[in-house]
Amino acid sequence: MKICVIGLGSMGRRRIRLLKLLFENLTIIGIDSNMERVNSVADEYGMECYPALADVSQKLDCAFVCTSPQFHASIIKECLENNLHVFSEINLIDDLYDENIKLAKQKEKVLFLSSTPLYKDEMQIIDDRIKQNGKLCAYQYHVGQYLPDWHPWDSLKDFFVSNKNTNGCRELLAIELPWIQNTFGEIKTVHVVKAKLTDLKLDFFDTYFIHVEHLNGNIGNLTVDVVSRQAVRRLEVFNEDLYFRWDGTPETMFEKDVVSGELKQISAGKYIHQEEYSESINEYAYMKEIEEFFEVIKGKKPIYSFDKDKEILKIIDEIENEVMN
């Protein structure tokens, strides 16, 4: 199978690295309009790289779209028009969603959307426990990291998370809301308090406090920020028979044994980590969703989709619109 990875920044390199770990017989071609990245990746991985998809003469089977989100729509369309299965990183905006969904069906190609937390062992364990418990529950969840620390090797003004339309808080919401809705139930209402707590020259709010009500009666408080100087992903889930605590890595998941009163550590799967990222970035989940993409190509039903993401983006729009009133 021949694959192109479009966008050779941090996510593109991650996908290349994981593809090479997973499969021995893949041909991977890199594509990026930035010639410095093209040359760097070609040297590092010993692979062919080009500035554009049109420059590739080989017949390709699928594409991984790993550019900044504002460019995804047109790239996805081009890939589908070239009869490629498409794996897309999160989009943050729903440009060409309906058109590309329709085009993928016409071409009989897979249009696959990343939603990494859905593949985390921790989220699957929490999901199983809550549904086995069967009672209403509440949660408190804080996800945040100081925006300049996300990619300290890049200029913030050149990084899409500093753009109002694809800002860092919006990205965190797009990452977290799919699994939250999957586990706690369809979101009914959100009530938002906003703030600007940094001196960064941003044209969007850097802190969101969100009270979430789910249709089934579950409730939660979600805090999302690009302010915290300590990267944080901290979750508590509770009802009278249930208590979980998780601090973002497999070894930090604990469950209360309500009979003995003991807080017990739960084994939560494998952990693959790159040093330049926060400890909460477990690349094992990224690897699992790559495997899922190839299973979907073989006929498996995907657990997430562009149709589902349209609904998540509507919720994010509602959150942003409410705080801007």
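# Briefing: two open sheets and their aromatic contacts

Phe23, Phe64, Phe87, Phe112, Phe293 and Phe294 come together in one aromatic cluster. The model described here is a predicted one, and in it 13 aromatic pairs are found. One open sheet is built from six strands with parallel pairing, while another open sheet is built from eight strands with mixed pairing.

**The six-stranded sheet**

- The strands of this open sheet follow the order E3-E2-E1-E4-E5-E6, and their pairing is parallel. Strand E3 (49–50) and strand E6 (111–113) stand at the edges with a single partner strand each, so that one side of each is left without a neighbour in the sheet.
- Strand E4 (residues 62–65) and strand E5 (residues 85–88) run parallel and are joined by four bridges. Phe64 has Phe87 in E5 as its bridge partner, and both Phe64 and Phe87 also belong to the aromatic cluster named at the start.
- Helix H1 (residues 10–22) lies across strand E1 (2–6), strand E2 (27–31), E4 and E5, and the helix runs at about 155° to E1.
- His85 has its place in strand E5 and is buried, with a relative accessible area of 12%. Leaving aside neighbours within four places in sequence, the contacts of His85 are Asp61, Cys62, Ala63, Glu108, Lys109, Val110, Phe293 and Ile297; of these, Phe293 is also a member of the aromatic cluster.

**The eight-stranded sheet**

- Here the order of the strands is E8-E9-E10-E7-E11-E12-E13-E14, in an open sheet whose pairing is mixed. Strand E8 (187–195) and strand E14 (263–265) are at the edges, and because each has a single partner strand, one side of each is left without a neighbour in the sheet. From one strand to the next, the twist averages 15°.
- E8 pairs with strand E9 (residues 207–214) in the antiparallel sense, over eight bridges, and within this pairing His191 stands opposite His211 in E9.
- Helix H5 (residues 121–133) packs on this sheet and touches E7, strand E11 (232–239), strand E12 (242–246) and strand E13 (253–256), with a direction that makes about 170° with that of E12.

**Aromatic pairs and charges over rings**

- Among the 13 aromatic pairs is the one formed by Tyr141 and Trp179, which is edge-to-face, with 5.6 Å from centre to centre and 75° between the planes. Tyr141 lies in strand E7 (residues 138–144) and Trp179 in helix H6 (residues 168–184), so this pair ties together parts that are 38 residues apart in sequence.
- Tyr141 counts as buried at 2% relative accessibility, and Trp179 is likewise buried, with a relative accessible area of 1%.
- The rings of Phe159 and Phe160 have centres 5.2 Å apart and planes at 80°, so that this pair, too, is edge-to-face; Phe159 and Phe160 are both buried.
- The charged end of Arg14 sits over the ring of Tyr286, at 4.2 Å from the ring centre, and the charged end of Lys196 sits over the ring of Phe205, at 5.6 Å from the ring centre.

**Cysteines**

- The count of disulfides comes to zero. Cys49 is in no disulfide, and the nearest cysteine sulfur, which belongs to Cys4, is 11 Å away.
- Cys49 counts as buried at 15% relative accessibility, and Cys137 is buried as well, with a relative accessible area of 5%.

Note on methods
Residues numbered from 1 in each chain as written. Predicted model: local features only at pLDDT ≥ 70, side-chain atom pairs only at ≥ 80, totals over all residues. Heavy atoms only, no water. Pairing = 2+ DSSP bridges. Helix = DSSP H or I, 4+ residues; strand = E, 2+ residues; numbered from the N terminus. Contact = heavy atoms within 4.5 Å. Axes fitted to C-alpha atoms, helices over the stretch in contact; angles between N-to-C directions. Phe/Tyr/Trp six-rings, centres within 6.5 Å; stacked < 30°, edge-to-face > 60°. Buried < 20%, exposed > 50% of the residue type's maximum accessible area, 1.4 Å probe, protein only. Lys NZ or Arg CZ within 6 Å of the ring centre and 35° of its normal. Disulfide = S-S within 2.5 Å.
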